[in-house]
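Reader: I should like to learn how to read burial, overall form, domains and ligand surroundings from a model. Could we begin with burial?

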Amino acid sequence: AAIKERTPIIWLHMAECTGCSESFLRTREPDIATLIFEQVSLTYHDTLMMASGERVEKHLDEAIQRYKGKYICIIEGAIPTKDGGIYLRVGSKGETGLERAKRVTKDAKVNLAFGTCAAFGGVQAAHPNPTGAKGVHDALGIEIVNVPGCPPNSVNMVGTLLHILLFDKIPPLDLLYRPLWAYGSRIHDYCERRAHFDAGEFVEEWGDEGAKKGWCLYKMGCKGPLTYNNCSRYRFNQGTNWPIGAGHGCIGCSEPNFWDTMAPFEEP
Ligand code: SF4
Ligand code: SF4
Ligand code: F3S
């Protein structure tokens with residue numbers, strides 16, 4: 001299959017840190033230039049656009065009209081919902097994030113939530129969640145494809161996007177609307193330290209002999225046995241490394257409410 005025409009992408013930023021965009025930019029195959037100049041049309045993206053202010057507001061309005069039913073909406077960041085959503089305002093018109101997300105997702109062909117913030121609320125939704133931040137599905141009640149991770153690997157974001165473009169349908173999902181091809185197995189299932197787990201060889205203290213030998217980080221708080229993601233198969237930053245490869249346990253960053261449910265991230 002080949003991509004026949006460049007599908008417009010409207011990428012919205014809600015309450016977030018832009019780490020997901022940073023990860024997206026580091027895509028290797030295809031690289032970001034090939035992706036956005038040959039395969040998709042990145043029509044709107046707050047942090048990558050040159051323009052700002054009223055000009056981009058007009059551009060967004062026109063893009064929604066022109067590409068109604070044809071564009072893919074990507075949301076990065078959680079949506080504050082408390083008190084009508086007043087804790088996030090975006091753009092020169094003072095629109096709330098909640099209003100903007102409703103307006104743009106309504107006419108999209110497909111809606112994607114990139115990152116744990118957009119999928120499940122992320123750090124904004126951690127206790128006590130003062131802004132009532134929620135993931136897109138919970139905030140808007142719409143159909144969504146979640147690509148969580150804090151941030152997700154570009155492989156997961158670009159792979160999901162290209163699957164939709166090539167096959168004109170969303171990939172099979174799990175119960176949390178995550179693509180099974182990326183989130184169908186646990187970090188622990190393919191971890192490079194797994195043989196040490198099976199052999200009972202554990203790091204017992206930061207910097208000990210086991211740490212130097214690359215033994216299993218389970219006793220140091222690794223959440224790989226509870227976390228569905230493919231980091232143990234696809235490293236980050238164009239294949240450079242990943243959390244466990246760098247010597248720290250997985251903190252469960254692609255799971256809902258991991259800030260509250262997976263902590264403490266380090267033991268003892
Ligand atoms: Fe940043 Fe993580 Fe949220 Fe992405 S999911 S915007 S990396 S806090
Ligand atoms: Fe499992 Fe974590 Fe040990 Fe890897 S380091 S084998 S994911 S417990
Ligand atoms: Fe996140 Fe664990 Fe991968 S912390 S980046 S899911 S190894």
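Author: A residue counts as buried if 20 or more other C-beta atoms lie within 10 Å of its own. In this predicted model, 44% of the 268 residues of the chain count as buried.

Reader: Which secondary structure elements does the chain contain, and how many of each?

Author: The chain has 12 helices and nine strands. Its radius of gyration is 19 Å, close to the 18 Å from the globule rule for 268 residues, so the chain is as compact as a globular protein of that length. Along the principal axes, the C-alpha atoms fill a box of roughly 60 × 45 × 35 Å.

Reader: Into which domains is the chain divided?

Author: The assignment gives domain 1 (7-181) and domain 2 (187-261). Their centres, taken over C-alpha atoms, are separated by 28 Å.

Reader: How many residues of domain 1 are in contact with domain 2?

Author: Two residues are in contact if their C-beta atoms lie within 7 Å. By that criterion, 14 residues of domain 1 touch 14 residues of domain 2. On the domain 1 side, α5 (116-120) and α7 (154-167) are the elements that give two or more residues. That side divides into seven nonpolar, five polar and two charged residues.

Reader: Which residues are the closest to ligand 2?

Author: C191, C216, Y218, C222 and G224 are the closest of the 15 residues that surround ligand 2. By class, its shell holds 10 nonpolar, three polar and two charged residues.

Reader: What is the make-up of the shell around ligand 3?

Author: The shell around ligand 3 has eight nonpolar and four polar residues, with no charged residues. Among them are C231, C250 and C253, together with W242 and N229.

Conventions: Residues are numbered from 1 along each chain as its sequence is written. Chains are lettered from A and ligands numbered from 1 in the order in which they are written. This is a predicted model: local features need pLDDT of at least 70, side-chain atom pairs count only at pLDDT 80 or more; totals for chains, interfaces and linings use all residues. Helices (H or I, at least four residues) and strands (E, at least two) are DSSP runs, numbered from the N terminus. The radius of gyration is taken over C-alpha atoms; the globule rule is 2.2 Å times the number of residues to the power 0.38. A residue is buried if 20 or more other C-beta atoms lie within 10 Å of its own, exposed if 12 or fewer, and partly exposed in between; C-beta atoms are placed from the backbone. A residue is near a molecule or strand if its C-beta atom, placed from the backbone, lies within 6 Å of it. Ala, Val, Leu, Ile, Met, Phe, Trp, Tyr, Cys and Pro count as nonpolar, Asp, Glu, Lys and Arg as charged, and the others, Gly among them, as polar. Domain bounds come from an automatic or database domain assignment.
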